[in-house]
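Below is a short note for a colleague who has not looked at this structure before. The points are numbered so that each can be checked against the model.

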Amino acid sequence: RYLFSICHTHNNMANASVDGTVTSICSSLCDDPEYGHGREDGLWFKQYTLVFVFDKSRTNILLGMKKRGFGANRFNGFGGKVEPGETVVEGAARELREESGVNGTCLERRGTIFFEFEGESKVFHVNVFEATEWENDPVETEEMRPQWFPVANIPFSEMWVDDEYWFPFMLSGKLFSMYALFQGETVIKDMVLRDGDAQMFDDLKRDAKPLKGLDASHSA
């Protein structure tokens, strides 16, 4: 089990010590696996994690081909649902280990993504991390088939359609917040992408614009 403590810093972030290792985590982060029930608009939120691993030179990124379930047949980072009784950081470390065999000893927060699918009340609240320190070679699991890719040759055509918009932030280590309204699983209807992490869902959704004609490099 991963134990950590929180200490506030001047930039509205907090440091979390995971087994003695410093990890970045937003101080306003909610650890409840589900929240927001009872909103007037009927929406509610489910917390997810998404972790990315790089080699020491940071010229190669480890992605996993999802073998089953939601998002199958797409490359992605490693992650999943935050379970009851665990924090977001604990969930991120557990999912990385379960899906790839990699033990992330230091997870650094990179951003927040809210996904909404047209006609559905559930909002995916995705917490994006980078494993800046890690152990064990990646192995194929029942869920994922890990594969290294050069950072200069990421297979966006085999990934979720939104990835190409926010990946530049993540690759540069720049914190970001994004909201996207999907029509099905392949079409983004509205989107907004901003510098800075942990911006509020309602503010992002209000400022989202149709993707057609949107300068996705960056914010509206």
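By class, how many nonpolar, polar and charged residues are in the lining of the largest pocket?

1. The model is a predicted one. In it, the lining of the largest pocket has 13 nonpolar residues, 11 charged residues and eight polar residues. The space in this pocket comes to about 680 Å³. Its lining is made up of 32 residues, and those closest to the centre are Tyr-48, Lys-66, Phe-70, Gly-79 and Gly-80.

2. Several elements give two or more residues to that lining: the strands β5 (44–54), β8 (78–81), β9 (103–117) and β10 (122–135), and the helices α1 (88–100) and α2 (163–172). The largest share comes from β8, with four residues.

3. Helix α1 deserves a closer look. It has 13 residues, and the distance from its first C-alpha to its last is 18 Å, close to the 18 Å expected at 1.5 Å a residue. Because 11 of those 13 residues are buried, α1 is largely enclosed by the rest of the structure. The buried residues are Val-88, Val-89, Glu-90, Gly-91, Ala-92, Ala-93, Arg-94, Glu-95, Leu-96, Glu-99 and Ser-100. An α-helix has 3.6 residues a turn, so residues three or four places apart point the same way. Just after the helix, Gly-101 has a positive phi of about 80°.

4. One residue of α1 to inspect is Glu-95. Is Glu-95 buried or exposed? Its relative accessible area is 9%, so Glu-95 counts as buried, the cut-off being under 20%. Leaving aside residues up to four places away in sequence, Glu-95 touches Thr-49, Gly-79, Gly-80 and Lys-81. Gly-80 is 15 residues from Glu-95 along the chain, yet their C-alpha atoms are separated by 6.1 Å. Gly-79 and Gly-80 were also listed among the residues closest to the centre of the largest pocket.

5. The next element to follow is β9. Of its 15 residues, 14 are buried, so the strand is mostly covered. Which strands does β9 pair with? With β10 it runs antiparallel, joined by 12 bridges. One bridge pair here is Asn-103 with Glu-135 in β10. With β12 (residues 176–183), β9 runs parallel, and seven bridges join the two. In that pairing, Ile-113 stands opposite Met-178 of β12. In a regular strand the side chains alternate between the two faces of the sheet.

6. The link between β9 and β10 is a hairpin with four residues between the strands. Gly-119 sits in the turn and has a positive phi of about 90°.

7. From β12 the pairing continues to β13 (residues 187–195), where eight bridges join the two strands in an antiparallel arrangement. Gln-183 of this pairing stands opposite Val-187 in β13. These two strands also form a hairpin, with three residues between them, and Gly-184 takes a positive phi near 70° there.

8. β13 is in turn joined to β14 (residues 209–210) by two bridges, and these strands run antiparallel. Asp-190 has Pro-210 in β14 as its bridge partner. Read in order, the pairings go from β10 to β9, from β9 to β12, from β12 to β13 and from β13 to β14.

9. Two residues other than glycine should be checked for backbone geometry. What is the phi of Arg-58? It is near 60°, a positive value. Arg-58 lies in the loop between β5 and β6 (60–66). Its relative accessibility is 30%, so Arg-58 counts as partly exposed.

10. The other residue is Asn-136, which has a positive phi of about 80° although it is not a glycine. Asn-136 is located in the loop between β10 and β11 (144–150). With a relative accessible area of 46%, Asn-136 is partly exposed, whereas Glu-95 in α1 is buried at 9%.

Methods:
Residues numbered from 1 in each chain as written. Heavy atoms only, no water. 1 Å grid on protein atoms, 1.4 Å probe; cavity = no way out; pocket = protein on both sides within 12 Å on 5 of 7 lines; lining within 4 Å. Points joined across faces, edges and corners; volume = space filled by probe spheres on them. Nonpolar A, V, L, I, M, F, W, Y, C, P; charged D, E, K, R; others polar. Buried < 20%, exposed > 50% of the residue type's maximum accessible area, 1.4 Å probe, protein only. Contact = heavy atoms within 4.5 Å. Expected span 1.5 Å × (residues − 1). Pairing = 2+ DSSP bridges.
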